[in-house]
Amino acid sequence: MGVEGKRKTRRGKRGGESKRQKDDEASIDNSVLGDNGAVDQGDGEGYEAPPMDARDSVFYTDTAADGDSMNVDQAEKISPASYGLVNPDLQSYLKSCEVMLDDSKFESVEDRVIFVNNVYAEMKNFELQLTTDHEGSRILEKLFRVSSEYQIRRFFALTREDTIRLVIHRFSSHTIQTLLLLSAIALERGEVSDLAAGAEIEDSEGPEAVRTEVPTFEKLILELVDTLTPHWSFLMANEYASHILRVLLLVLSGKPIEDQANPKNAIKSKRSAKYVEDRNGEPINHPSLATQRTPPDSFAAALEQLLKTASDAMNDLVARSFTNSPVGSPVLQLMLSLQSEKGKLERAGSLLDKCLMELITDNSDNPRRDGAIKMMLEDVVGSHFMQRVIELSSAKLLRTLYERYFSSNLKTLAFHPISNFVVQSLFSNAKNERQLKTMIAEIQPIVGNLLFKQRPGVVRALLDSCIRLKAGSAEIMNALYSGLGVSVAEQRKELINLLAFLIPYSEFVKADYERLPFSIQGSLIIQSILQLPGDGYEPVMESFFAQDPDSIYTWCKDPSGSRIIEAIVVSDQLPLNTKRRVLEQYANKYADLATNKYGSHIVDACWKVADMPYKEKIIIELLKRQTQLQDNPFGRIVMRNCRAEQYKRRVDEWRERERSIAKRKHLFKDILDGNGAAKTAKSRASALGNKGASQPQKGDEIDALFKLQPDTSSRQPAPKDQATAENTDQLFVVDTHGDKNLKATADADSGTKRKHDKGKTKESKKKAKKDKSALRKER
């Protein structure tokens, strides 16, 4: 290309930029014009909306178009909603209202209601315009939190006019998401009827105004489903609409929306949550959003039809594109989870079958499919999709995936920075004992490299499966011995040290013990071993008791080492005599541990498992150094948990309370095991069938457990001042402290007796009434 050609090209660039600038100015001018060309109230003085991205305008292929490629002639251009700039006066008013919404210092509920009604009155006919405004949408979300259900429904109903364009807008999408969350809360709480709420709105003003009823939350959500379903694939690819789709699916299914226990399932990202927090916003942390809800019956049919329609509309290419999409993959994973619950996940032609390129129906060699799945295993987004597939898959599909994509390539995948998480998910979700032992046998040669080359999570995943399936304990311990370089019994005595510091035996014998740093992953591996079924804990405990007690004592004051000691004390697998040996090692050291940030947790753990004599031994030791402990923040907590002050002043009450707590724990342990409740019910049935309902039985297990009263058959009549206490079942004297289960057990046990007493009370009242009437006649 010559010099003239280059100059022409540069001029063309400058000309293109100037042309785009003119087009942008023209679009801004048109945005403030009404339908008749007049300027709207929002003239834009003093306010400049944030610039829109070029990607906010998208092309949507019509559903009638065939093939995987996009045909421009059959494509429809859908742009985000735009209703012009907000009137500066209205914007200033809303900003002043935002201060009131942030403070929420209303003198009464009536003042708040009047304030909210005034705000809605001021922004009437500008609702949709505010949803697309940067500041307006944020203020609306705060306003919704203090609005009535009728006001929320009315606003939700207004968005039906332009739903698709609103959900793909970067501001209004957040508004609709908030409306969906509040709708879920209202449905769980129960809606107020339209008549009770005065649920009518005026669609027009004047003498010929048309009044229509506001739809219920159930109807609004069902209409939203009908509107979004035909455009589901398009909305899944939109970064703003995809969040709404996830919330909608969770609302329809009744699943927890804001799961605080599992941050991975959070709808809002950390960036979004921080943005809201920085602007005095509060997330909607209603309890019903974090628990399983009971949605209306109509939602189940709507959800099933939605999943079927959306899955059938996706071809193989579209479904596969969502597996690696950071926007569409979370929606796709949620859809697969919901289909799995319905038992429709692994059918021929299902959505999962399309994503895996017909792996479910055709297991033959397919180089194109194998390459695509291997790419997903090493992709940042695709690996998350494969983890979800492994969690949801059946034993047959898991075996297919393991044999085709993991078995021959396990060493490479286990050390890959991304795919190693998929390997961990594979090991954690082994479906049966046979699969688990096969995985352990294949991973055994590289266990040492996994432990010492920053991949111990793979080993922990196998341990978790051993605990869950209650199998493979011997195999996984042999693999650990091999990886740590331990072969003879003398070397195995150092097992707990090798795992705690995560170091091979050959290096441990040369290292300075005092300078070895604890490993968090090693501490977690030991904690998992202590939960192995049967006697799987014995190698660790034998190594523990083989160590110098003074060396082990230093672990109690380390953040990772203290976790190991605490796990030993609270483990359900260890017998009581083994725990007693551990507790004896810390005799005369509990007061010192109580003053330490990490050691205080160990004292609390020892207190929970100790019997009554040993508890008194601990508390006497603590009281000897009471002054020092009261001056220490951690020591004060330990003293309060042990109720040392009560022991010092009223030792009998302290002992009675501790006995009551111990009996209660024993009772509930039997109930949780499924044995205590059945035996108690059986004894009650035999008592009622053999000796009548009014006589308390000697063999009642509840009375035998609590031992609160002797046999009533040998008891002498009580004095009058003790009649109330003696004639009532002694189970009700137990201080339940709000324990509903214990109270319910006691109520059930004495229910028949209360009925009998109630009958006696009625007879005595009738007799007293007759005597009174006879006395009146004599007078």
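**Helix packing and burial in a predicted model**

Reader: What makes the crossing of H22 and H25 right-handed?

Author: The crossing of H22 and H25 is right-handed, because this term applies when the near helix is turned clockwise from the far one by less than a right angle, anticlockwise being left-handed. This is a predicted model, in which local features need pLDDT of at least 70 and side-chain atom pairs pLDDT 80 or more, whereas totals for chains, interfaces and linings use all residues. Residues are numbered from 1 along each chain as its sequence is written, and side-chain values use heavy atoms, without hydrogens and water.

Reader: Why are H22 and H25 called roughly parallel?

Author: Helix H22 (residues 419-428) and helix H25 (residues 456-469) pack at an angle of about 15°, with axes 8 Å apart. The pair is therefore roughly parallel, the term for angles under 35 degrees (over 145 is roughly antiparallel, 65 to 115 roughly perpendicular, the rest oblique).

Reader: Which residues of H22 and H25 meet?

Author: Asn420, Val423, Gln424, Phe427 and Ser428 of H22 meet Gly457, Val458, Ala461, Leu462, Ser465 and Arg468 of H25; contact means heavy atoms within 4.5 Å. By class, five of these residues are nonpolar, five polar and one charged. Beyond four places in sequence, Phe427 touches Leu410, Met439, Ile443, Val458, Ala461, Leu462 and Ser465.

Reader: Why are H14 and H16 oblique to each other?

Author: H14 (residues 297-313) and H16 (residues 329-341) pack at about 125°, their axes 11 Å apart. That angle lies in none of the three named ranges, and the two helices are therefore oblique. H14 passes H16 in a left-handed crossing. Leu303, Leu307, Ala310 and Ser311 of H14 make the contact with Met335, Leu338 and Gln339 of H16. Five of these residues are nonpolar, two polar and none charged.

Reader: How do you know that glutamate 135 is buried?

Author: The relative accessible area of glutamate 135 is 18%. Buried means under 20% (exposed is over 50%, partly exposed in between, with a 1.4 Å probe and protein chains only), so glutamate 135 qualifies as buried. This residue is found in helix H5 (residues 134-145). Leaving aside neighbours within four places in sequence, glutamate 135 is in contact with Gln91 and Lys95.

Reader: What makes helix H36 largely enclosed by the rest of the structure?

Author: Eight of the eleven residues of H36 (residues 599-609) are buried, so the helix is largely enclosed. The buried residues are Gly599, Ser600, Ile602, Val603, Asp604, Ala605, Cys606 and Trp607.

Note on methods
Axes are lines fitted to C-alpha atoms, for helices over the stretch in contact, and angles run from 0 to 180 degrees between N-to-C directions. Helices (H or I, at least four residues) and strands (E, at least two) are DSSP runs, numbered from the N terminus. Ala, Val, Leu, Ile, Met, Phe, Trp, Tyr, Cys and Pro count as nonpolar, Asp, Glu, Lys and Arg as charged, and the others, Gly among them, as polar.
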